[in-house]
Amino acid sequence: MNAALSFKRRFSRKSLQEIYTDKIKLSGAIGLDRVRPANLDKNLSAELDHIIQKIGQCAYRFTAYKEKLILKGASSLPRQISIPTARDRIVLRALCNCLADVFPTAKLTLPQIVIDDLKGALDSGAFAEYAKIDLKTFYPSIPHELITKATKAKIRKTEFRRLITDALTTPTVPESRGGRDVDRPSVGVPQGLAISNVLAEIAMQGIDTTFQSRPGIWYKRYVDDILILTPEGEAQSTANELIVALKALKLNPHDFGPDSKSKVDDLTEPFSFLGYQIEGGEILVRRESILRFEGSIAKIFTAYRHKLQSARSRADKERALAYCQWKLNLRITGCIFEGKRLGWAAYFSQITSTSQLRAINHTISKLTHRFCPRGEVRPKSLIKTFYELKRGLSANHRYIPNFDDLHVAQKRQVLEIWLGADARLLSDAEVERRFAIKISKAVRELEEDIAQTS
């Protein structure tokens with residue numbers, strides 16, 4: 001789509017209001033100004049006037065993003081997440097929609113689709129070697145000039161380009177520090193914004209297209225992980241050429257070495273990609289991913305035990321049990337939320353053997369008997385979840401919860417797990433708001449199980 005036309009449509013009052021109502025209002029994220037998204041309702045017309053006027057004058061400025069640090073383990077630096085204000089989130093979502101219109105191929109492919117494509121490549125018998133290349137600190141290292149160059153040909157509208165630049169150069173700061181007198185970054189894409197993924201994909205489209213179109217090889221990049229399959233004797237030279245090209249773009253690929261994340265080997269040797277383990281012709285779940293998932297199940301039971309110990313009434317105990325049952329089954333089955341299949345089982349739905357799922361079911365059974373010996377909790381099955389997922393998103397799932405299809409009464413019933421009888425006193429609007437916040441948090445926890453898959 002034409003960039004100027006998309007910009008005009010996406011930044012119309014009607015479109016901005018829809019973004020606020022559908023994407024922002026019911027969310028719980030609070031930026032540096034400490035304004036809850038739902039509170040914009042009180043003065044939404046003036047806020048939209050401000051956005052439209054300032055953008056038209058090329059004078060819109062983002063408030064500094066609030067910093068949130070995500071721990072990645074003792075040996076790694078934490079991941080910095082940027083949280084914009086509610087008003088800025090409206091603008092960033094509209095900007096993301098514009099970029100998706102102009103660059104429709106820059107949408108991040110689902111990992112399951114990548115793995116399904118990998119299956120086909122492996123089954124073809126055309127490849128004998130692989131090369132894995134890992135990019136260090138991918139988002140923080142993307143040069144702004146790379147994005148500018150990649151967008152220049154299709155985006156000429158000054159207001160559009162200025163908004164991209166300002167979003168990239170707005171600093172991310174701790175809440176206690178504030179946003180005044182902070183240097184604006186000259187490199188890196190802030191993580192956690194609506195535009196983060198699409199800008200990173202736009203920046204990498206040139207080099208991806210070059211290697212994807214090369215005859216005789218299979219090439220896939222998923223964020224900072226790159227996998228290449230080649231005929232015998234070609235993997236090392238192809239990988240070396242790619243590393244040179246990446247460094248020319250001022251990116252930071254791991255060089256090959258004894259303990260490097262980048263590696264070249266025969267396809268007869270096991271290797272991992274996106275949390276999957278490719279071994280002996282099978283697509284399996286990597287052992288570390290299984291341990292992380294089993295650990296999250298154990299934490300649910302441990303939290304349940306602590307809740308029981310601190311319960312002051314029978315109602316407290318009943319709520320603790322209901323929450324344990326609900327959260328355990330949600331962790332096992334995942335869910336459908338905002339039109340997407342989410343969770344550990346959905347992520348690993350491309351495996352070619354269910355033996356690992358049966359082993360995990362056994363572990364869950366042992367944990368259940370240990371923490372709930374009287375059968376108070378009845379966990380669902382990963383095996384049944386796996387076969388339900390094979391039916392596709394359009395199937396009428398009853399086993400896997402679909403939070404998009406619940407009516408207000410059902411949402412109120414779910415909220416009773418946290419609020420007890422108080423949930424019955426809430427207005428329908430408040431039920432919708434609180435349900436969205438609770439489910440969004442639960443979904444983020446589901447996604448933690450599949451984090452760090454590289």
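The following paragraphs describe the cores, aromatic pairs, helix packing and selected loop residues of this structure.

The model is predicted: local features require pLDDT of at least 70 and side-chain atom pairs count only at pLDDT 80 or more, while totals for chains, interfaces and linings use all residues. Residues are numbered from 1 along each chain as its sequence is written, and side-chain values use heavy atoms, with hydrogens and water left out.

In soluble globular proteins, nonpolar side chains tend to be buried together. A nonpolar core is here a set of buried Ala, Val, Leu, Ile, Met, Phe, Trp, Tyr and Cys residues joined through side-chain atoms within 4.5 Å; buried means under 20% relative accessible area, exposed over 50%, and partly exposed in between, with a 1.4 Å probe and protein chains only. The largest such core comprises 110 residues, and F11, L99, F160, I195 and W344 have the most contacts inside it. Its leading contributor is helix α4 (residues 86-102), which supplies 10 residues. Helices (H or I, at least four residues) and strands (E, at least two) are DSSP runs numbered from the N terminus. F160 illustrates the packing: with residues up to four places away in sequence not counted, F160 touches A3, F7, L95, C98, L99, V102 and I155, where contact means heavy atoms within 4.5 Å. Another core, of 13 residues, lies apart from the largest one and includes C335, F337, F403 and V443.

Just ahead of α4 in sequence, the loop between β2 (79-83) and α4 holds T85. T85 counts as buried because its relative accessibility is 2%. Its contacts, leaving aside neighbours within four places in sequence, are G31, L32, D33 and T63.

Aromatic side chains provide a second view of the interior. Rings of Phe, Tyr and Trp (its six-membered ring) pair if their centres lie within 6.5 Å; planes under 30 degrees apart count as stacked, over 60 as edge-to-face and the rest as tilted. The whole structure contains 18 aromatic pairs. In one of them, the ring centres of Y276 and Y347 are 6.1 Å apart and the planes lie at 25 degrees, so this pair is stacked. The two residues connect distant parts of the chain, 71 residues apart: Y276 belongs to strand β9 (residues 276-279) and Y347 to helix α13 (residues 344-347). Y276 is buried, at a relative accessible area of 0%, and Y347 is buried as well, at 7%. Together with F293, W344 and F348, Y276 and Y347 form one aromatic cluster. A ring may also lie beneath a charge, a case assigned if NZ of Lys or CZ of Arg is within 6 Å of the ring centre and within 35 degrees of the ring normal. K380 lies over the face of Y399 in this way, at 4.8 Å from the ring centre.

F293 of the aromatic cluster also takes part in a helix–helix interface. Two packed helices are described by the angle between their axes and the distance between the axes. Axes are lines fitted to C-alpha atoms, for helices over the stretch in contact, and angles run from 0 to 180 degrees between N-to-C directions. The axes of α11 (residues 287-310) and α12 (residues 314-333) come within 9 Å and cross at roughly 175 degrees. The two helices are therefore roughly antiparallel, a term for angles over 145 degrees, whereas those under 35 count as roughly parallel, 65 to 115 as roughly perpendicular and the rest as oblique. On the α11 side the interface includes F293, I297, I300 and Y304, and on the α12 side it includes A320, L321, C324 and L328.

Both helices are also met by α15 (residues 382-389), which is mostly covered, with 6 of its 8 residues buried. The buried residues are L382, I383, T385, F386, E388 and L389, and they pack against α11, α12, β12 (340-342), α13 and α14 (355-371). F386 contacts S349, I351, T354 and L357, leaving aside neighbours within four places in sequence.

Two loop residues other than glycine have a positive phi. R34, in the loop between α2 (13-24) and α3 (44-56), has phi near 65 degrees and is exposed at 60% relative accessibility. K250 lies in the loop between α10 (235-248) and β7 (263-266); its phi is near 70 degrees, and at 54% relative accessibility K250 is likewise exposed.
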